[in-house]
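Q: Please take a close look at the recorded site in this structure. Start with a single contact, then work through the site and its surroundings step by step.

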Amino acid sequence: MQHRLALEAVLRFSQISMDRKQNPGTQESGTSSPGLKAASRDSLAAPERQAPGSSMESPSLSSKGSDGSASKSLCSSASSSSENVENFESKASQESSKPSPDQPPLLEGETVKGQGYDVTYLCPYSGPTRGTLSVTNYKLYFCSIDREPPLILDVPLGICSRVEKIGGSTSKGENSYGIDILCKDFRNLRFAHKQENHSRRPIFEKIQQFAFPITNKMPLFAFEFKGSYDTEEGWRIYDPQTEYRRQGVPNDGWRITHVNGNYEVADSYPSLLVVPKAQPDDELKHVAEFRTRGRFPVLSWIHPESQATITRSSQPMVGVAGKRNKDDEHYIQMIMEANAQSHKLYIMDARPSVNAVANKARGGGYENEDSYHNAELVFLDIHNIHVMRESSRKLKEECFPAIDEAHWLSKIESTHWLEHIKVILAGAVRIADKVESNKTSVLVHCSDGWDRTAQLTSLAMLMLDPYYRTIRGFEVLIEKEWVSFGHKFRQRVGHGEDKHSDDNRSPVFLQLVDCVWQMTQQFPNAFEFNEHFLITILDHLYSCLFGTFLYNCQMHAEKEKVKERTQSLWSFVNCQLEEFTNPLYAAYVHAHVLFPVASLRRIHLWTGYYCRWNPRMRPQEPIHLRNRELLVLKAQLQRRVQELQKELANKHARTNLQPSPPRMSSPVNV
């Protein structure tokens, strides 16, 4: 009851805040920043200020001060007006925070590698602006000199997908000679150089060198970053044994095994796995031989009441000849029998049936229902990484730099991006429904079991288990289903390599986060984290500042000693939880299963991410400030409710000590 009263008050306050008259100000790239009012920001990337390009204010690890220590600062890339934060700064602080074009703010371990003077940034929204372009071993930093307040670009080099020279010695016309940078985060950057300055070549070479360190046989910046955070070590957030104990494992049906302790059975799997209790380790190796990459079925999640499970694997190696494996068939039967509530198992194949059949020619395939008794095979029609990459490319063309207002909806439809999001979400809903409503166990796989499989299992678990809807729980979910189970982050993102046309690149993880955002829109009170949290994760997917998403599997990460040599993204997040907390979160309201509507009438384009570089698409209200106000008000209301509850309890206690009045009149009392 007390939480409901607090929530209602917060909702009322939220509506009042939204109804207040805003002072929109200029919505070009050079809008002022709350934390650095003297400097406007077209985009923001380095976490010393905030997550790259985020439209919310975020305290984070700051640039080095005079003592070289880390401090915190605030800023925003899209505040509506400097007048909105007039009360938060003095004129003295404005003067002291004015940036210097020649001295970019630096992280611990970051150094300036090159600078170009009298460089023109060709902003697609506010036009050309002259300034100084600095290249460090982590970022590009541009500070204009012809605007007041100056326009600032602060972009991690990790987001660079391709760097090209434009124009030559014979190029004529203003701004026709320079550098063009294609980015992974749905934007492009273009800088013009004056030929007589001879500044393009050294800047281009430094960008190439530090944007693609792996190609140049250099370490990623995460291994040079020396910053630290005053919070729980992010690498300790996920402990597999702790997480499986939370799920109630081991139990009568499932056990923990270290058969993959040396990564000999499946080198892309974690060392600790959960399998049916009756299955000996020796036979597990025979099962792994029949599965692509040795990724045999293992437990992801178990229902606390029905014991129905979600397991994951890769495709069986059936081939054109239709091979069978008795060990694999018996193992699938054991998974089914571990759930006493049902005598059936659903095998959810993420692929379209046509693709699954085609994989037989390459030695893969799918389960034959005649061989796997009481198992039903369902194809979920999610397309492969190549289709998704092409869809993402088309979406970028429509969202950046200009938006075709007259044909916006038809253009977005032609990218098929929202259709793909819908199909992924619909597949996860089917899995969650079978587990929750039918009390039936589900095995999920695609081809290799590290792309579409991870999308489906993690989304279904998010729907089924409210723990994963908390900030810490979502961190555990990402570490468990994506990092430890071998999603190929390095290849899918292309960390540190200049192979921009590599067929292995694909926005698989981006699609997961998009689906999560879709769920937060349908259930705004069910998630502890906010949109800024999701955008921060995506920004640091590319930044190479943290070690969390650098490698393809746990074995590679351990080999490179990532936990000892780099910082975790979760350390950065958890030292400033108030920045990523949803003020409308009400755990007691949605402590049950969520079934989002996977329909195009409820699926929307995430403009807060894909279109965030366009000033016209940014919210005019400073959402980060309103969220803070709501969090403060929510805490005050909750404290007040607790005080009133104590008063009520004390009143009841005093009443119970006094003799109760007679329920009926008697001659003695008359």
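A: Start with Arg246. Its charged end sits over the ring of Tyr468, at 5.2 Å from the ring centre. Arg187 is placed over a ring too: its charged end lies 3.8 Å from the centre of the ring of Trp613. Keep in mind that this is a predicted model.

Some background comes next. The protein has 670 residues, and 57% of them count as buried. It holds 20 helices and 17 strands. Take the contacts between residues at least 6 apart in sequence: 72% of these join residues at least 24 apart.

Now the site itself. The UniProt record, an unreviewed entry, lists Cys446 under "active site". Under "binding site", the unreviewed entry lists Asn384, Ile385, Cys446, Ser447, Asp448, Gly449, Trp450, Asp451 and Arg452. These binding-site residues spread over 69 residues of sequence, yet they cluster in space, with a largest C-alpha distance of 12.5 Å.

Take Cys446 first. It lies in the loop between β17 and α11. Its relative accessible area is 3%, and the cut-off for buried is under 20%, so Cys446 is buried. Leaving out residues up to four places away in sequence, Cys446 touches Ser313, Ser314, Gln315, Asp349, Ala350, Arg351, Asp451, Arg452 and Thr453.

Ser447 comes next. It too is found in the loop between β17 and α11. Its relative accessibility is 14%, so Ser447 counts as buried. Beyond its neighbours within four places in sequence, Ser447 is in contact with Thr292, Ser314, Gln315, Arg351, Asn359 and Arg452. Ser314, Gln315, Arg351 and Arg452 therefore appear in the contact lists of both Cys446 and Ser447, where contact means heavy atoms within 4.5 Å.

Then Trp450. This residue lies in the loop between β17 and α11. Trp450 is buried as well, at 5% relative accessible area. Its contacts, again without neighbours within four places in sequence, are Ser268, Arg293, Arg295, Arg312, Phe485, Gly486, His487, Lys488 and Arg492.

What stands on either side of this loop? On one side is β17, on the other α11.

β17 belongs to an open sheet. Five strands form it, in the order β13-β14-β17-β15-β16, and the pairing is mixed. β13 (298-302) and β16 (375-379) stand at the edges with a single partner strand each, so one side of each has no neighbour in the sheet. From one strand to the next, the twist averages 25°. Look at one pairing inside the sheet. β15 (residues 345-349) and β17 (residues 441-445) run parallel and pair over 5 bridges. Within this pairing, Ile347 has Leu443 of β17 as its bridge partner.

Helix α11 covers residues 452-464. The helix lies across β13, β14 (309-313) and β17. Against β14, α11 runs at about 165°.

Now step away from the site, to the aromatic rings. The whole structure contains 33 aromatic pairs. In one of them, the rings of Trp417 and Tyr610 have centres 6.0 Å apart and planes at 80°, so the pair is edge-to-face. This pair links distant parts of the chain: Trp417 sits in helix α10 (residues 417-436) and Tyr610 in helix α19 (residues 607-610), 193 residues apart. Trp417 and Tyr610 are both buried.

Phe509 and Phe549 make a tilted pair, with 5.4 Å between centres and 50° between planes. Phe509 is in helix α14 (residues 508-522) and Phe549 is in the loop between α15 (531-543) and α16 (554-559), so the pair ties together parts 40 residues apart in sequence. Both Phe509 and Phe549 are buried. Ring pairs also join Tyr138, Phe221, Phe225, Tyr229, Phe546 and Phe572 into a cluster.

One more strand is worth a look. All 6 of the 6 residues of β6 (residues 139-144) are buried, so this strand is largely enclosed by the rest of the structure. Lys139, Tyr141 and Cys143 point one way from β6, while Leu140, Phe142 and Ser144 point the other way. β6 has antiparallel pairings with β5 (residues 127-136) over 5 bridges and with β7 (residues 151-156) over 5 bridges. Thr132 stands opposite Cys143 of β6, and Phe142 stands opposite Leu153 of β7. The hairpin of β5 and β6 has 2 residues between the strands, and the hairpin from β6 to β7 runs through 6 residues.

Terms used: Residues are numbered from 1 along each chain as its sequence is written. This is a predicted model: local features need pLDDT of at least 70, side-chain atom pairs count only at pLDDT 80 or more; totals for chains, interfaces and linings use all residues. Side-chain values use heavy atoms; hydrogens and water are left out. Two strands pair if DSSP finds at least two bridges between them. Helices (H or I, at least four residues) and strands (E, at least two) are DSSP runs, numbered from the N terminus. Axes are lines fitted to C-alpha atoms, for helices over the stretch in contact, and angles run from 0 to 180 degrees between N-to-C directions. UniProt positions are given in the numbering used here, feature names are shortened, and annotations may be inferred rather than shown by experiment. Buried means under 20% relative accessible area, exposed over 50%, partly exposed in between (1.4 Å probe, protein chains only). Rings of Phe, Tyr and Trp (its six-membered ring) pair if their centres lie within 6.5 Å; planes under 30 degrees apart count as stacked, over 60 as edge-to-face and the rest as tilted. A charge sits over a ring if NZ of Lys or CZ of Arg is within 6 Å of the ring centre and within 35 degrees of the ring normal.
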